[in-house]
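This report walks through one protein chain, from overall make-up to single contacts. Keep the sequence and the model open beside the text.

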Amino acid sequence: MAEVEQGSAFPGEAAPPAIDSLNATDSNGTDSANATVAKFVSTPEGTALAYGSLVFMALLPIFFGALRSVSCAKGKNTSDMPETITSRDAARFPIIASCTLFGLYLFFKVFSEEYINMLLSMYFFVLGILALSHTISPFVNRLFPANFPNKQYQLLFTQGSGENKEEIINYEFDTKDLLCLCFSSVVGVWYLLKKHWIANNLFGLAFALNGVELLHLNNVSTGCILLGGLFVYDVFWVFGTNVMVTVAKSFEAPIKLVFPQDILEKGLAANNFAMLGLGDIVIPGIFIALLLRFDVSLNKNSRTYFYTGFLAYIFGLGLTIFVMHTFKHAQPALLYLVPACTGLPFFVALVKGELSEMFRYEETPPESKEEKETEKKEN
């Protein structure tokens, strides 16, 4: 997952101590930890601004991603359909994450960092453009007047012919989506050429928001399995080995949010960064999004569990930063985020007498819903 780190340089300079060791995720999967402590000693004001900005940025994808997760399953595009995580997926995820992390560690030991990071840069360049375009699309749509000449397009890939024809990709988009894609491509080229921290953060926020929006836990028990497994994973790889540190020093990709601690002295050219791994945003975020959907299912016009989980996340992340500064050592953020984000909502549910109802809440994957509807029609 992540550790909280302080002073560091950005890609191309001395490796940074990360505010977080990142957890691996399927397509973007990797991890990051803190690196060598930079010589620069940040001012209290610069440190407070950096950590405050990181906390604020971390809250954005969780809040808006959770809101968008409520309705994203209603979308017609395959790219907008949520990916449902089952208990089996959750149990295997820490193992897959560990294999991904260790695999990267071996790659960096055997092959040249330069060529590996070149391939990774191209990979995240494409992913970042798509993720950022999807993220800003709803906001861009509101900017255009109703009489804007908006043409519709469809990208369709099929396999086979006749009755055996099967849709692989069926993506509908319009002129506004193309404009979003153009803007995202400009950011992508900026990141690819300059590796600037603002471009990194734009891609990082887009990855995190899409993760919270499109990754759905099917029930609370699955969430507990996932968070519990990654809790152990985070603590082990941060405190038990140097694998995460080695990968963090070598890996260049927008899988973290960064903010310079020397921005007051150097402005946008600052290069001494505090960092927060996306894993410590997305993993608690998808659980908080599940709490929001549970709130909606209660039909009580209340968002009690969502706001409880949201406040618990702020407390857990703040506690991580406090402990890091107290002990002067990078911390695995999930060590504090998991107990906070699960314990407080469970306590509130227990007090309100809704704990059993919370654990009975179940979400059906979109594919299962379609199969049930088809069976009803056939019967």
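A residue counts as buried under 20% relative accessible area, as exposed over 50%, and as partly exposed in between (1.4 Å probe, protein chains only). By that scale Glu 213 is buried, and Arg 68 is buried too.

The model is predicted: local features need pLDDT of at least 70, side-chain atom pairs count only at pLDDT 80 or more, and totals for chains, interfaces and linings use all residues. Numbering starts from 1 along each chain as its sequence is written, and side-chain values use heavy atoms, leaving out hydrogens and water.

**Overall make-up**

The protein chain holds 13 helices and 6 strands. These are DSSP runs numbered from the N terminus: helices are H or I with at least four residues, strands are E with at least two. Of the chain's 379 residues, 51% count as buried. A contact means heavy atoms within 4.5 Å. Take the contacts between residues at least 6 apart in sequence: 74% of them join residues at least 24 apart.

**Salt bridges**

The rule asks for a side-chain nitrogen of Lys or Arg within 4 Å of a carboxyl oxygen of Asp or Glu. The count comes to 5 salt bridges. Among them are these pairs.

| Pair | N to O distance | Separation in sequence |
|---|---|---|
| Glu 213 and Arg 68 | 3.3 Å | 145 residues |
| Arg 293 and Glu 363 | 2.5 Å | 70 residues |
| Glu 354 and Lys 300 | 2.3 Å | 54 residues |

Glu 213 sits in helix 5 (residues 197-214) and Arg 68 in helix 1 (residues 44-71), so the pair links distant parts of the chain. Arg 293 belongs to helix 9 (residues 279-298). Its partner Glu 363 lies in the loop between helix 12 (355-360) and helix 13 (366-378). Arg 293 and Glu 363 are both buried.

The pair of Glu 354 and Lys 300 runs from loop to loop. Glu 354 lies between helix 11 (334-352) and helix 12, and Lys 300 between helix 9 and helix 10, so their salt bridge ties together parts 54 residues apart in sequence. Is each partner buried or partly exposed? Glu 354 is buried, because its relative accessible area is 5%. Lys 300 reaches 49%, so it counts as partly exposed.

**Cysteines**

A disulfide would need two cysteine sulfur atoms within 2.5 Å. The whole structure has 0 disulfides. Cys 182 is in none: the nearest cysteine sulfur, that of Cys 180, is 9.2 Å away. Cys 182 has a relative accessible area of 49%, so it is partly exposed. Cys 341 is at 0%, so it counts as buried.

**Helix 10 and helix 11**

Helix 10 covers residues 304-327, which makes 24 residues. The expected span of a helix is 1.5 Å times one less than its number of residues. For helix 10 that gives 34 Å, and the end C-alpha atoms are 34 Å apart, so the two agree. Just after the helix, Lys 328 takes a positive phi of about 55°.

Helix 10 packs on helix 11 at an angle of about 145°, with the axes 8 Å apart. Axes are lines fitted to C-alpha atoms, for helices over the stretch in contact, and angles run from 0 to 180 degrees between N-to-C directions. Residues of helix 10 in this contact include Thr 304, Gly 309, Ala 312, Gly 316 and Val 323. On the helix 11 side they include Tyr 336, Ala 340, Cys 341 and Lys 352.

Thr 308 is one residue of helix 10. Its relative accessible area is 12%, so Thr 308 is buried. Leaving aside residues up to four places away in sequence, Thr 308 touches Leu 344, Pro 345 and Val 348.

**Helix 7 and the loop after it**

Helix 7 (residues 243-250) is mostly covered, with 6 of its 8 residues buried. They are Val 243, Met 244, Thr 246, Val 247, Ala 248 and Ser 250. The cover includes helix 2 (87-110), helix 3 (113-141) and helix 6 (220-240).

Pro 254 lies in the loop between helix 7 and strand 5 (256-260). Its relative accessible area is 0%, so Pro 254 is buried. Beyond residues up to four places away in sequence, Pro 254 touches Phe 124, Tyr 191, Asn 200, Phe 203, Gly 204, Phe 207 and Leu 278. The C-alpha atoms of Pro 254 and Ala 206 are 10.0 Å apart, with their positions 48 residues apart along the chain.
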